[in-house]
Amino acid sequence: MTPLFRKLHKWLGLIIGIQFLLWLASALTMSLLDADLVNAKNTRAPQIEGRKWSGYVEDYDALLSAAPTDVTAIRSGWILDRPVFHLTSPQGHRIVDAHSMERVVLGPSQISTIAKSYYKGDGIPAAPRLLERTGEARDFSGRLWRVDFADGNDTTVYVAANTGELVEMRNKSWRLFDLAWMFHIMDYANRVNFNNPLLVASGLSGLMLSLFGFWLLFVSFKLADFVPARFMPKYNLRVVDPSGLALKEAVVPSGENVFAGLRHAGIDLPSNCGGGQSCGLCAVRVRDQKIPASPADRSLLSAEEIREGYRLACNLPVKGDLCVEVGNSSDAWKVRTGVVSSVRSYGAYLRELVIRPDEQLTEAYPAGSFVQVAIPEFDFRRGDLWKDIDDVSTDAASDGDSSISNRLPARRSYSLCEEVKLRSDKEIRLLVRWSPGSSGGKVTRPGKGSSYLFSRRPGDTVAFTGPFGNFRLKPTDAPKVFLGSGAGMGPLRAMAFEQLQRNAEVDCFMLAMNRRNELLPFDEEFLNLAASAPKFRYFGTSPAADGADHAVSTQVERLLAELRTAELDIRTCEYYLCGGPRFIREARLALRNAGISDTQVSLDDFLV
């Protein structure tokens, strides 16, 4: 029920929020407008009340003879300086001169004179227009004349066609007020009904929004929010590796989530969001219990992972003794340091950093794994990211004087470009793409992690933990197909070399794509590998080189054609995808359209 309420609350909040802004804007508009100006008091000429008819002759016989035989009402009045009788009958309205008893007919010239008598100002009247009805005099049901005056406020005088009497006087201030009134009462048809269905529906939606919000607030609270931790029941939280070997045990108060409990015990699970349920890196496998998956679990974990018992540690409360499995040994959480030994640029936005650890690694770093780099507080100029760097091919550093800063320490994940075997002296190679923070019309801050790593130069120290992740090469002899883009070529490079070392007789295909103005990373290395390894075939697409169609779907289709040419069954090949979310989305769609099952596809979409 809670996920449904959350979704309803979100959409009702959006709808009511828009209307609430209209209510506020319209109310503010109406309150700022001058009421006298809206009512045209400054252009309304004063009228003489209770004038006596001079020389009036009470000749009722003459009056009745001028009237229709079925007169229902007679009243006296004035048209300009002329005393008249208004006669009402089922046939309509008739005006009779009070002296001559002759019928008075109001034409355009008379209406223009009458309109000027109601108007006070220096505006010149336009020719009168006869209207059947108008929204500016919506309470009047008969025909009426409209006379516009060319003054600074666009004044309009409406005169009743049958009586010559003033109906309404409008101007642009009133029209703005009327527009605001329409939005305020939500009567978009007639602008008069305060109890219209839209307003009633908005009121009911607002009530539902409040009720859903109250429910979500209620369920968000836990007992631990009100009771100090020292008074809460304590439970044992055990951490084991995939073999069941105990790695850590902690005592955690009831209600605390696994992510926070392990942090207090000295274990920092990988996370880019700091336990905010948005990156999915802190997933753990619950052992010996079945715990229902939450909406956050379903949105960030695959259906297979959920079936196997994986849950987000940051969204997994401890309500009893609990055992969770992590995919790494305890050494993975040890903070290590290393010195940058070299930096290579692949254009302005893509860079490879080679880091030499300060001590020999006691943990193997498999191909496809990632490390978490510690991002400290920093503050430097944007131009410093490209200082002393060759091959900057764009204007990325044009705004070199602007500042890039990080006020809170953080962690960011970066995949390895090369497998590091146990107790080897190999360096750690990372391929990093700088996130400028503004793209597609959206303006955001540059990426903390990529900005920090782009500022590193040979000799600088970097702290990291790892390895983490489960993006791995499957131990089979099925043909391997690697599809990557940008920084995604890093882990694919490591996987390709691992496969060639494991079994060089397995067919391997590599498709590399890049963004505009970026060089293809490892392009020369892949070309040399393709020349020396008969089973390895490389296809790189570079906009600067060939100007071909580089749509992801087009390139995937061409690669599948190469597989068919090699007489391989594309449905039994294994596909490894790595790159940004958009690249992954388009590549998966192209594979599905070719009849390839998702079970044959492994991916790392860098969504985190």
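Trainee: Which residues in helix 11 and helix 12 meet?
Mentor: Helices here are DSSP runs of H or I with at least four residues, strands are runs of E with at least two, and both are numbered from the N terminus. Contact means heavy atoms within 4.5 Å. On that basis, helix 12 offers Glu525, Phe526 and Leu529, and they meet helix 11 residues Met489, Arg493, Phe497 and Leu500.

Trainee: How many nonpolar, polar and charged residues make up this contact of helix 11 with helix 12?
Mentor: Ala, Val, Leu, Ile, Met, Phe, Trp, Tyr, Cys and Pro count as nonpolar, Asp, Glu, Lys and Arg as charged, and the others, Gly among them, as polar. By class, the contact has 5 nonpolar, no polar and 2 charged residues.

Trainee: Is helix 11 roughly parallel or roughly antiparallel to helix 12?
Mentor: This is a predicted model, where local features need pLDDT of at least 70 and side-chain atom pairs pLDDT 80 or more, while totals for chains, interfaces and linings use all residues. Residues are numbered from 1 along each chain as its sequence is written, and side-chain values use heavy atoms, without hydrogens and water. The axes (lines fitted to C-alpha atoms over the stretch in contact, with angles from 0 to 180 degrees between N-to-C directions) of helix 11 (489–502) and helix 12 (523–532) come within 12 Å and cross at roughly 20 degrees. Angles under 35 degrees count as roughly parallel, over 145 as roughly antiparallel, 65 to 115 as roughly perpendicular and the rest as oblique, so helix 11 is, relative to helix 12, roughly parallel.

Trainee: Which strands stand at the edges of the open sheet with the order 1-2-3?
Mentor: The sheet has 3 strands with antiparallel pairing, and two strands pair if DSSP finds at least two bridges between them. Each edge strand has a single partner, so one side of it is left without a neighbour in the sheet. Those at the edges are strand 1 (73–79) and strand 3 (92–97).

Trainee: How many bridges join strand 1 to strand 2?
Mentor: Strand 1 and strand 2 form a hairpin with 2 residues between them, and Leu80 in the turn has a positive phi of about 60 degrees. Among the bridge partners are Trp78 and Pro83. The two strands run antiparallel, and the number of bridges joining them is 7.

Trainee: Which residue forms a salt bridge with Glu359?
Mentor: A salt bridge is a side-chain nitrogen of Lys or Arg within 4 Å of a carboxyl oxygen of Asp or Glu, and the structure holds 27 of them. For Glu359, the closest N and O atoms are 3.4 Å apart, and the partner is Arg336.
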